[in-house]
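Biologist: Mind walking me through this one? I'd like to hear the reasoning behind each label.

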Amino acid sequence: MASPRLETFCCPNRDASTEFVISFQPLFFGAICIGSAAVSLIFSIIQILPKRRGYRRLGQYPLPKPASSSRILFIISVCDILGCFGIILRSSIWLGLPNFISQISVTNNSNVWPEVFCVGSAMWIQLFFSASFWWTFCYAVDVFLVVKRSAGISTIVLYHMITWGLAVLLCVEGVAMLYYPSISSCENGLQHAIPHYITTYAPMLLVIVVNPVLFSRTVSAVTSLLKGRQGIYTENERRLGTEIKIRFFKIMLVFFICWLPNLINESLLFYLEMQEDIEANSLKNIRNTVLITWFIMAILNPMQGFLNTLAFHGWTGFDVDLSLQRRRELAWDSASTSVPATGSYNPVVGSTLFYEGHVQEAKKSMAGNGQQQQHPSDGISVLSEGSESSTIEIHISSELRDYDDVDADGESLENSTKR
């Protein structure tokens, strides 16, 4: 799990409330952390690996470059996976080497490695989960800017600078304030630990407060854009808007479920710290609530990785394709494959977005006569939840190809081949 209490535990003179939660059933707590983190890590990796069933192309058009929001979703998953790895490593050492961990509580201990491991593993977990929060915030910003036609693939560099810069800066600053003047002799009292808790929970609160607003404005902008294309709001466009709302709702639901227990637990622990005796009978219910939320955190915090992939991509299945050569051919080969038309059915002209093994199948709006009605200035590709595609992508492009020219080139190539 990811909690600033685990970094406070590295101080030999830790506060009473931190000692209370850390010392309660530590073996059982560590086992829960390992189990939850292992399940999340394994299934998250399975989710983001390329799948055989996804490798199919529609139409005669080359593969476009991935949108920045596709990269952001992948990076969020990577951050969650690395955070789960840190939880597994730390909990395994706690369970396997109890004598090694017990030396953390020894004041003026000559062996510094227990404290180094304690601080290092705690910072690793905080860094990557904090980076995941920042990337989640950047995703909300990106989809909003893309709809407003103010962002593109080039903004990913700016997002890297913001997320990793802030994550590292806040993590180092919070830990430096917590362990002042040294790890073996941390200052007593609540005041010196407050900056550490603020730097830990600030990005989390940012996502909780700001992301719903950005998602709501994005949905409104997409609705207006869909109406403005033909001046009407058809059933297909209404369903498209509903799918976007549901996907954004899933993302925020996962975030609230996984991290709301942390806010409740930390608030109650701060309340206990302000009491003269945390073992008082009048505080029994609060202590029980603290322990319950503490173990809920051990389950839900690591599970964010797997639940995020479900919210982003849906269930992608176990049919993993590890053929690197085949992926490279499918990603960069621009040879066309025509889709036969039967009867009066005109197939939807689609393009696939290939990024890190994800194949995203773009769905285009079609008029009643089967002809595609897409303006060159505002192409919208949204992947529905029920399709074989793995993630939702809102992509407003101002540089779409002239499909008529592409079709003409394809016909010329076909005629020359016959000759």
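Modeller: Sure, starting with helix α9, residues 235-273: its 39 residues reach 56 Å from the first C-alpha to the last, close to the 57 Å expected at 1.5 Å a residue. One caveat: this is a predicted model, where local features need pLDDT of at least 70 and side-chain atom pairs count only at pLDDT 80 or more, while totals for chains, interfaces and linings use all residues. Residues are numbered from 1 along each chain as its sequence is written, and side-chain values use heavy atoms, with hydrogens and water left out.

Biologist: What makes 57 Å the expected span for α9?

Modeller: The expected span is 1.5 Å times one less than the number of residues, and α9 has 39 of those. The helix itself is a DSSP run (H or I, at least four residues; strands are E, at least two), numbered from the N terminus.

Biologist: Where is the kink in α9?

Modeller: At Trp259, shortly before the proline Pro261, with a bend of about 40°. That bend is the angle between axes fitted to the seven residues ending there and the seven starting there.

Biologist: How does α3 do on the span test?

Modeller: α3 has 23 residues and reaches 33 Å, close to the 33 Å expected. Among its buried residues are Phe29, Gly30, Ile32 and Cys33.

Biologist: What do you mean by "buried"?

Modeller: Under 20% relative accessible area; exposed is over 50%, and partly exposed is in between (1.4 Å probe, protein chains only). By that rule, buried residues make up 48% of the 419 in the protein chain.

Biologist: And what makes something a nonpolar core?

Modeller: The members are buried Ala, Val, Leu, Ile, Met, Phe, Trp, Tyr and Cys residues joined through side-chain atoms within 4.5 Å. The largest such core here has 85 residues, and those with the most contacts inside it include Trp135, Tyr139, Phe248 and the kink residue Trp259. Elements giving two or more residues to this core include α3, α6, α8 and α9, and the largest share, 16 residues, comes from α6.

Biologist: How many aromatic pairs are there?

Modeller: The count comes to 20. Rings of Phe, Tyr and Trp (its six-membered ring) pair if their centres lie within 6.5 Å; planes under 30 degrees apart are stacked, over 60 edge-to-face, and the rest tilted.

Biologist: Why is the pair of Phe100 and Phe117 called edge-to-face?

Modeller: The centres are 6.2 Å apart and the planes are at 65°, so the pair is edge-to-face. Phe100 sits in helix α5 and Phe117 in helix α6, 17 residues apart.

Biologist: Is Phe117 buried or exposed?

Modeller: Phe117 has a relative accessible area of 17%, so it is buried. Phe100 has 23%, so that one is partly exposed.

Biologist: Why is the pair of Trp315 and Phe318 edge-to-face?

Modeller: Their centres lie 5.0 Å apart with planes at 70°, so edge-to-face again. Trp315, at 39% relative accessibility, counts as partly exposed, whereas Phe318, at 56%, counts as exposed.

Biologist: Which residues do ring pairs link into a cluster?

Modeller: Phe24, Phe28, Phe29, Trp294 and Phe295. In the loop between α2 and α3 you'll also find Gln25, whose phi is near 45°, a positive value in a residue other than glycine. Gln25 has a relative accessible area of 46%, so it is partly exposed.
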